[in-house]
Amino acid sequence: MPEFEPRIVAFLCRWCAAAGADLAGTSRLQYPPNAIPIRVNCSGRVEPQWVVEALKAGADGVLIGGCHPGDCHYVVGNYKTRRRIYLLRRMLAEMGIEPERVRLEWISATEGARFAQVVSDFVAELKRLGPLHGNGGRG
Amino acid sequence: MPEIKPRIGVFVCHCGKNIAGTVDVAKLAEAASRFPGVVYATHYEYMCSDPGQALLKRAIKEHRLSGVVVAACSPTMHEETFRKAAEEAGLNPYLVEIANIREQVSWVHSGPKATEKAVRVTRAVVEKVWGDRPLEPTEIGVVRRALVVGGGIAGIQAALDIANAGFEVLLVERSPSIGGHMAQLSETFPTLDCSQCILTPKMVEVSRHPKIRILAYSELEEVSGFVGNYRVRIRKKPTYVDPAKCNLCGECAKVCPVRVPNEFDRGLSLRSAIYIPFPQAIPSTYTLDAENCLGIVPLRCGKCAEVCEAKAIDFDMQEEILEEEVGAIVLATGYELYPKEAMAEYGYGTVPDVIDGLEFERLLSASGPTRGEIRRPSDGKIPKEVVFVQCSGSRDPEHHKPYCSKICCMYTAKHALLYRHAVPAGQAYVFYIDIRAGGKDYEEFVNRAMEEERILYIRGKVAKVFREGEKVVVWGVDTLTGKRVEVRADLVVLAQAVVPSPGTEELARKLRVACGGEGFLKEAHPKLRPLEALTAGIFLAGAAQGPKDIPESVAQASGAAAKVVALLSRPKLEHPPEVAEVDEELCSGCGICAPQCPYGAITVDEVAHVNEILCEGCGTCVAACPSGAMSFRNVGDEQVLRMVRAALEVEGAGV
Amino acid sequence: MKLAVYWTGSCGGCDVSFLELGMGLLEVLSRVEIVFWPALVDAKRRDLERLPARSVDVTLVNGVIRTAENKEMVEILREKSKFLGAYGACAHLGGIPALANQVNGVTEIVFGPGFRPGAPLGEAAEDAPPELLPEALSLDEVVPVDFVVPGCPPPAGLIARFFEAAFAEAISPGRIFAGEKALCEECPRTREDRRLTRIVRPHEVQPDPEKCLLDQGIICLGPVTRAGCGAACPKGGMPCTGCLGPTPKAGDPALAMLSALASLVRAGEEGESAFPEENKILDSLVDPIGTLYKYSFAKYGRPLLKLARKRQEVRA
């Protein structure tokens, strides 16, 4: 059986996390291709329902990338997201889904290496957790 | 939603070998041609090149494309390029999206997995375009006038710069004269030029400027509207003196029987009820202070009017409410000193010979209550020993203000130095925590005070100040030697913390501008947008935003003015249409959205309303809206969910 | 109009709720022919089975689908009815009984280890209780549902609205007999300070009678719940718990409300230093699933729960 390759949906804010991902590219840093990025203006646009829908639709994990505290382009959007994800993770845990599958990370536009590291770490963690959909080894 | 059958075109860029070296572009284009909604897919060497753009334009026309996905480099590179090209081919630019397969795929992955990810990424973006609607930027006119609130040096500078660029300016000042605290100062650091001498020419320039209208003795009452289109109500208090007739003879003040503390001299002298704050005041007129006059309605005294040969006094003058329209607002409401009354350790302001920095400025000033001779308030004696206390109320999070007031190190050095010049035999002590002399020629200035002028700098905090007979006793600790210090001084000058001027928070509320924890007006971004408030069209200048010295205030004022000029020079304000919107049929007016918006773009009555011009497009309110009445143009929930599902679809990967 | 009313896993409140019509009930009764309504008229399953297909004009089912018998009965009713509607929160969304779905193997916990659903409890096998389904379901998970009269129980105004439409033969498919806007629309409480500086449970405070309950820290699901009851609970000092179901565009009401609540939380000025205090406020939300999914867990919590179950099996 081939090794389980987790599938990740990554919601990245345009100003920090997506720019950090771009910098990882410009710096030619290799990292696992498991995360499909979806760019949004602000991590504050990310709705808990999107995260859950992604898990339901086949993702093994969801990454939300926003600006570091104090750096949000829209000043306070990342704080809202932090609280939403905090509460969502608690609710997922109560339902019996590992909260580690939902990850909120602060990644600045200068942190290309950090972006690559975050994705690599997340992939490793999801491999350890195993597939959410019980059909590991696909893809 | 009625589903119009989409006709999406996908254009895969090789970017030379940058993409094609890793991603199988032919395979990607082939897979894309089978995506739902796609009617045309191709790949080309350099999509951003002229032939590449021509290819795009031709395909839009030939295949009657309803949307375009360019799978290429990061959207930060060429999104604009392709949107413009599409627009030239007659396609609404907001129906063009980029799938980033270079920075986020080909440069970071390798092997067949890279192609697979490129397929997924492109597939997701096709879904986005499917859901995109054509949009038009919002346009709105601009009222070509500015309002400047506060007539200190920052407000004066901003008003002059805006007016000199050719725009009308309303300059609103709360007190009877412009000039602010700078008018009260004796000399300025580090050059020691006379404050009035450099300020008054600017004040005169303001008063003579054909584009500037000064509204002194006036306050901003109400603000509505938004960037480019503010409506303001200004309350102008009656001065009971017609400035056009007043010839400044001063006879009225002489006969006035009232004596009250003179604010300009910080209470160190008295003034009459009819007065001019200082001789160079602008507007150049006397003002009758109704609060302290014996009586206007009914008239109880009237002596001033009797002696006024110019017949300038008009007891029937009424308060005026002015309604004005402006396109931009500069807030330059300045600072005040933290009250001595709050300093338990320094006698609560009850010891007459314990004064604050501005009081000392008045003692130093040639036009001050002592005509520039340093005489202490209690008995008018020339003090032989003076203690200057820095950080009084500053850098003390437990009892007072946590922040550094920034200007005190410098003005205390100046005070001590000027004292030594005025009283050569006198001894000056300065208690300090640290010396912060960051600024051009500042360090040199402090060194001069320390070394050349024999001023005794003692590193340590003053624990207690109290009166003992004719002396003011200062207890402190010299932290460098660890010894207790007692100075039996004649005068103590407290470098009180700089705080926002009274009413700043109320004003901020009216303008929907944020205040920081300490009440200073908050800038839109601490590093990148220090001259403006988060509320579009409102700019900040001077110490209202945080403690600042004169050069910094002037620089910020000029910067804010440049921003105002840039705003007012635009023929129309265009705003990107990718913003939040409300479905009024679904909105219950619960109001959860409004506090999420840092820009004050949302108002709620029966339902919520988004001001498109103010909305910056973060979408935080949309995610917070529980009922789903709020949505985000071209980043709808259903759209994103389709992107997610498409990205995860196994069959869709097609490789 | 031929009317059938049936209860599945129900508390009985829905059947009683028709009395809320008051004098209006007389008008309703004069215009309907009750062909099947176990709570009112003695009729057995076989009586129902004898009815021709599509011979009942309108059937209202209340209660959650919890047993094999529930499932069979609603399948028969579906066949016999022209229009079949979910009546009340349990049939609509699963209701409170569906919160039991949170616990895997709830029957084992309740009836003891080794219990097999459907196994006879006593000697008389004929009286054996029906087999329990592994989870409680909303009506539309079992049979197609034409319309919904929501509520716990449905409020009189909405029942009247339903009968009006039924008598006029104007039940449009998919219609939910409740408002399109959220409950706040009809709530008289004033909303001023839209922030949550604490979260309290209703019994812990004496709420201000004028102010919005959410502003007072009480979790009120009004903003995500359809209007239609006249904001009866908030008017009575109790928060809305969501019985009329989510507004048309809310999606999963619990997650929508979770997002709103988290967005409103404030522990002083927002920033990194406020994180620990904000977390404390969020932690003080007792039983997020029970609070936010109170009536809707079967319908909206189910897909995630299925994933969780699958994970548990894989790990086991």
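Helices (H or I, at least four residues) and strands (E, at least two) are DSSP runs, numbered from the N terminus. The structure is a predicted model, in which local features need pLDDT of at least 70 and side-chain atom pairs count only at pLDDT 80 or more, while totals for chains, interfaces and linings use all residues. Residues are numbered from 1 along each chain as its sequence is written, and chains are lettered from A and ligands numbered from 1 in the order in which they are written.

**Exercise 1. Describe the fold of chain A.**

Step 1. Chain A has 4 helices and 4 strands, which follow the pattern β-α-β-α-β-α-β-α along the sequence.

Step 2. The radius of gyration (taken over C-alpha atoms) is 14 Å for chain A, close to the 14 Å from the globule rule (2.2 Å times the number of residues to the power 0.38) for 139 residues, so chain A is as compact as a globular protein of that length.

Step 3. Of the 139 residues in chain A, 68% are buried. A residue is buried if 20 or more other C-beta atoms lie within 10 Å of its own, exposed if 12 or fewer, and partly exposed in between, with C-beta atoms placed from the backbone.

**Exercise 2. Determine the strand order of the sheet in chain A and identify its edges.**

Step 1. The order is β2-β1-β3-β4 (chain A), in an open sheet of 4 strands with parallel pairing. Two strands pair if DSSP finds at least two bridges between them.

Step 2. The edges are β2 and β4 (102-106) of chain A; each has a single partner strand, so one side of each is left without a neighbour in the sheet.

Step 3. Strand β3 (residues 61-66) of chain A pairs with β4(A) in the parallel sense over 5 bridges, and Gly66(A) has Trp106(A) as its bridge partner in β4(A).

**Exercise 3. Locate Lys56(A) and characterise its surroundings.**

Step 1. Lys56(A) belongs to helix α2 (residues 48-56) of chain A. Helix α2(A) lies across β1 (8-13), β3 and β4 of chain A and runs at about 150° to β3(A). Axes are lines fitted to C-alpha atoms, for helices over the stretch in contact, and angles run from 0 to 180 degrees between N-to-C directions.

Step 2. Because 18 other C-beta atoms lie within 10 Å, Lys56(A) is partly exposed.

Step 3. Neighbours within four places in sequence left aside, Lys56(A) is in contact with Pro303(C), Leu304(C) and Leu307(C). Two residues are in contact if their C-beta atoms, placed from the backbone, lie within 7 Å.

**Exercise 4. Analyse the side of chain A that touches chain B.**

Step 1. The contact involves 34 residues of chain A and 36 residues of chain B.

Step 2. Elements giving two or more residues to this side of chain A are α1 (17-26), β2 (35-40), α2 and α3 (77-95) of chain A. The largest share, 5 residues, comes from α1(A).

Step 3. By class, this side has 19 nonpolar, 8 polar and 7 charged residues. Ala, Val, Leu, Ile, Met, Phe, Trp, Tyr, Cys and Pro count as nonpolar, Asp, Glu, Lys and Arg as charged, and the others, Gly among them, as polar.

**Exercise 5. Examine strand β4 of chain B.**

Step 1. In strand β4 (residues 96-100) of chain B, 5 of its 5 residues are buried.

Step 2. Val96(B), Ile98(B) and Asn100(B) point one way from β4(B), whereas Glu97(B) and Ala99(B) point the other way.

Step 3. Strand β3 (residues 67-72) of chain B runs parallel to β4(B), joined by 5 bridges, with Val69(B) opposite Glu97(B).
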